[in-house]
Amino acid sequence: MAIRCFAAKSKKEALVPYEYEPQPLGPWDIEVKITHCGICHSDISLIDNEWGISRYPLVPGHEIVGTVVSLGSNVQELKVGQRVGIGWQRSSCMHCEWCIQGEENLCLLQEATCVGHQGGFAESIRADSRFAFAIPDELDSAHVAPLFCGGATVYSPLVHHGITPMSRIGIIGVGGLGHLALQFAKGFGCEITAFSSSREKEEESKQLGAHHFISSVDKDSLQKAANSFDFLLCTVPTPLNWEEYLNCLRPKGTLCFVGAQTKPIEVPFFSIINGRKQVCASNIASRPDMNTLLRFAVLHGVQAQVELFPMREVNQAIEKVRSGAIRYRAVLYNES
Ligand SMILES: [Zn+2]
Ligand SMILES: [Zn+2]
């Protein structure tokens, strides 16, 4: 039976109601009746074909939560009626050196949920069960949906860069990714500084976990923070003066990018050689990390702050995300 959804017919267009016939259910596949789907900035980048990888008609949506309604013949880990979440990654080869180490998000043959496949702005989806994650009962569907991409994006680098309770970390940007990064960092028990250009976010960032706040438009404050951080996580997509931030790192410190930068990152050589500093980036999370993320969210009360929209208002929701007015993630829900 055809799946009803919303699709962009071509670049930068508003979404319109659309239907497609799903592929037959493969042995590892499940069909999921979607209850909620977050809107990620990457969905908008795909609608606009900003990265040159989009294929139309394009059904966005890769922060999917729903209930399993049918199972392929090989699926044993999941059951009909179980609540699951699906993120950016749809599949990987399952046998390369990265896949067998449990780092499927590094697989060269990975596929994305809504690139060349139909995503979650839909009533249901067929997906590989090995990239669908059982959701603990403690986590609410609307508030957990953004963890499947936004949450994964900020949690994974904290794990892989060995953040400890003694780490001094800074989160650059208090928005869709940053508000989640602050909560995860709080769970790691480290000393946290929020950087934002909006002074009015100081109080909120402290409620989310920050011990300190630095106005990123105040040059004096940035200079005073020189040699203060082991790790800086940049969650904003806009170019900043990276030299100033690298100067805030202690020797051996790391500046890690997770917000998709739209311009090349300019790094002056002497801002990294002195102190043997690192500049790197991180994308999504592996399957093992997704499972620990969900346990972490239960243990430490991490949840996205969301604004809910019925699926039929998808275009209004997208416009609000585009305008930067969402606090902090938009989540669509199906009404029946
Ligand atoms: Zn692989
Ligand atoms: Zn995303």
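In this predicted model, the cover over the buried residues of helix α4 includes α5 (178-188), β13 (229-234), β14 (249-257), α10 and β17 (329-333). Let's look at what lies beneath that cover. Nine of the 11 residues of α4 (residues 150-160) are buried, so this helix is largely enclosed by the rest of the structure. If you would like to find them in the viewer, the buried residues are Gly150, Gly151, Ala152, Thr153, Val154, Tyr155, Ser156, Pro157 and Leu158. Just after α4, Gly162 takes a positive phi of about 65°.

Now step back to the whole chain. How does the domain assignment divide the protein chain? The assignment gives two entries, set out here with their residue ranges.

| Domain | Residues |
|---|---|
| domain 1 | 3-149 + 286-333 |
| domain 2 | 152-281 |

The C-alpha centres of domain 1 and domain 2 lie 27 Å apart. Where the two meet, 16 residues of domain 1 are in contact with 14 residues of domain 2. Which helix gives the most to the side of domain 1 that touches domain 2? That is α10, with five residues. Both α1 (41-47) and α10 (287-300) supply at least two residues each to this side. As for its chemistry, the residues on the side of domain 1 that touches domain 2 divide into nine nonpolar, five polar and two charged.

Helix α10 links both parts of this story: it is among the elements covering the buried residues of α4, and it gives the most to the side of domain 1 that touches domain 2.

Technical notes
Residues numbered from 1 in each chain as written. Chains lettered and ligands numbered in written order. Predicted model: local features only at pLDDT ≥ 70, side-chain atom pairs only at ≥ 80, totals over all residues. Domains from an automatic or database assignment. Contact = placed C-beta atoms within 7 Å. Helix = DSSP H or I, 4+ residues; strand = E, 2+ residues; numbered from the N terminus. Nonpolar A, V, L, I, M, F, W, Y, C, P; charged D, E, K, R; others polar. Buried ≥ 20, exposed ≤ 12 C-beta atoms within 10 Å, placed from the backbone.
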